[in-house]
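User: I would like to go through this model slowly, one question at a time. Please reason each answer out and finish it with the value or name that I asked for.

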Amino acid sequence: MDLGLTGKVAIVGGGSDGLGFAIADRLLSEGALVTIFARRAEKISDAAGRLADKYGEERVLGLAADCSDAADLDRVTASTVAQFGPAVHVLVTNDGGPPIRRIDELTDDIWMQALARHFFYVVRSVRTTLPHMTTEGGSILNVVSGVVERPAIGMAAPVAVWSAVVGYAKTLALEVGKHDITVNTLLSGFFDTPLLNKTLGRQPELSKAGLGVGLPMGRIGEPREFADLVATLVSPHLKFVTGVVAPIDGGSSIGMSGSLDSPSTSA
């Protein structure tokens, strides 16, 4: 199916690896023109180079930028319109996650950094991008964690900050719908990304296989599976889908797999 993204301009945060890279790759495969950015210059240069080799240098722009810096976000948008033209059709906000700490370990500095990097990042990205969307319409897609719906010990900062993103996005959807702009939020579950590998490196008692065992699908997800849904949601063909907050998690949000007579649940 042609998703109607040929020639559309997209900005994808956290595009140097993981879900962000997979999303950029998927949008490019549909004919989009894509800017990716991330903090580390070497990593974003390598990622942009790999995408350019695959899809052509003229369709990919890689920028080193810090999502917690308002000036950097303004620069990303300005560089995108300078490279691809005045319209931006797709904005994907995506960047790691707030630190995992117990509540009594969360200082004001940690809270402020989490808010800047994950909440104000979304607010500022929308602010700088929206003027370039209102003429032709577009789509804003926020990637946050499924812990918003399933809080856990140590996850106070992620839950609080991403819950703010969810509330902001719902209100934004109400305000920009008249401009033919959709706003949706995806709640990510476990996907095979460098971020997950880093987390597992700090918790050797966990493994990818172990994480997948309890999921209804019996495995964790591949980044391309997440990217497939993103490409569909930002397609011009789905203009009546907005304000959605949807878990993409292999079914873990509806319950864990297993039977009453399995060893883990039997008396």
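User: Where along the chain does D180 lie?
Analyst: In this predicted model, local features need a pLDDT of at least 70 and side-chain atom pairs count only at pLDDT 80 or more, while totals for chains, interfaces and linings use all residues. Residues are numbered from 1 along each chain as its sequence is written, and side-chain values use heavy atoms, with hydrogens and water left out. Helices (DSSP runs of H or I with at least four residues) and strands (runs of E with at least two) are numbered from the N terminus. In these terms, D180 is found in the loop between helix 5 and strand 6 (181-188).

User: What is the phi of D180?
Analyst: Most residues other than glycine have a negative phi. D180 is not a glycine, yet its phi is positive, near 65°.

User: Is D180 buried, partly exposed or exposed?
Analyst: The classes rest on relative accessible area, computed with a 1.4 Å probe on protein chains only: buried is under 20%, exposed is over 50%, and partly exposed is in between. D180 has a relative accessibility of 37%, and it therefore counts as partly exposed.

User: Which residues does S16 touch, leaving out those up to four places away in sequence?
Analyst: S16 sits in the loop between strand 1 (9-13) and helix 1, and with a relative accessible area of 9% this residue is buried. Contact here means heavy atoms within 4.5 Å. Once residues up to four places away in sequence are left out, S16 touches F21, A38, K43, I44, A47 and R50.

User: How far apart are the closest N and O atoms of D46 and R50?
Analyst: Both residues lie in helix 2 (residues 41-55), four residues apart, which is about one turn of the helix. D46 is partly exposed at 44% relative accessibility, and R50 is partly exposed at 40%. Their side chains meet in a salt bridge, that is, a side-chain nitrogen of Lys or Arg within 4 Å of a carboxyl oxygen of Asp or Glu. From N to O, the separation in this pair is 3.2 Å.

User: How many salt bridges does a search of the whole structure find?
Analyst: D46 and R50 form one salt bridge, and the side chains of D249 and R150 meet in another. A search of the whole structure gives a total of 10.

User: How many residues apart in sequence are D228 and R26?
Analyst: D228 forms a salt bridge with R26, and their closest N and O atoms are 2.7 Å apart. D228 belongs to helix 8 (residues 223-233) and R26 to helix 1 (residues 18-29), so the pair ties together parts whose separation in sequence is 202 residues.

User: Is R26 buried, partly exposed or exposed?
Analyst: Its partner D228 is partly exposed, with a relative accessible area of 31%. R26 has a relative accessibility of 21%, and this residue therefore also counts as partly exposed.

User: Which of D249's neighbours in space is its salt-bridge partner?
Analyst: D249 is buried at 7% relative accessibility, and it lies in the segment after strand 7 (245-248). The partner lies 99 residues away, in the loop between strand 5 (138-145) and helix 5 (156-176). The two side chains meet with a 3.5 Å separation from N to O, and the partner is R150.

User: How are helix 3 and helix 4 set relative to each other?
Analyst: The axes, which are lines fitted to C-alpha atoms over the stretch in contact, come within 9 Å and cross at roughly 40°, on a scale that runs from 0 to 180 degrees between N-to-C directions. Angles under 35 degrees count as roughly parallel, over 145 as roughly antiparallel, 65 to 115 as roughly perpendicular, and the rest as oblique. Helix 3 and helix 4 are therefore oblique.

User: Which residues of helix 4 are met by A70, L73, D74 and T77 of helix 3?
Analyst: Helix 3 covers residues 70-84 and helix 4 covers residues 108-129. On the helix 4 side of this contact, the residues that meet A70, L73, D74 and T77 are Y121, R124, S125, T128 and T129.

User: How far apart are the C-alpha atoms of P236 and V90?
Analyst: P236 lies in the loop between helix 8 and strand 7, and at 31% relative accessibility it is partly exposed. Along the chain, P236 and V90 are 146 residues apart, whereas the separation of their C-alpha atoms in space is 10.0 Å.
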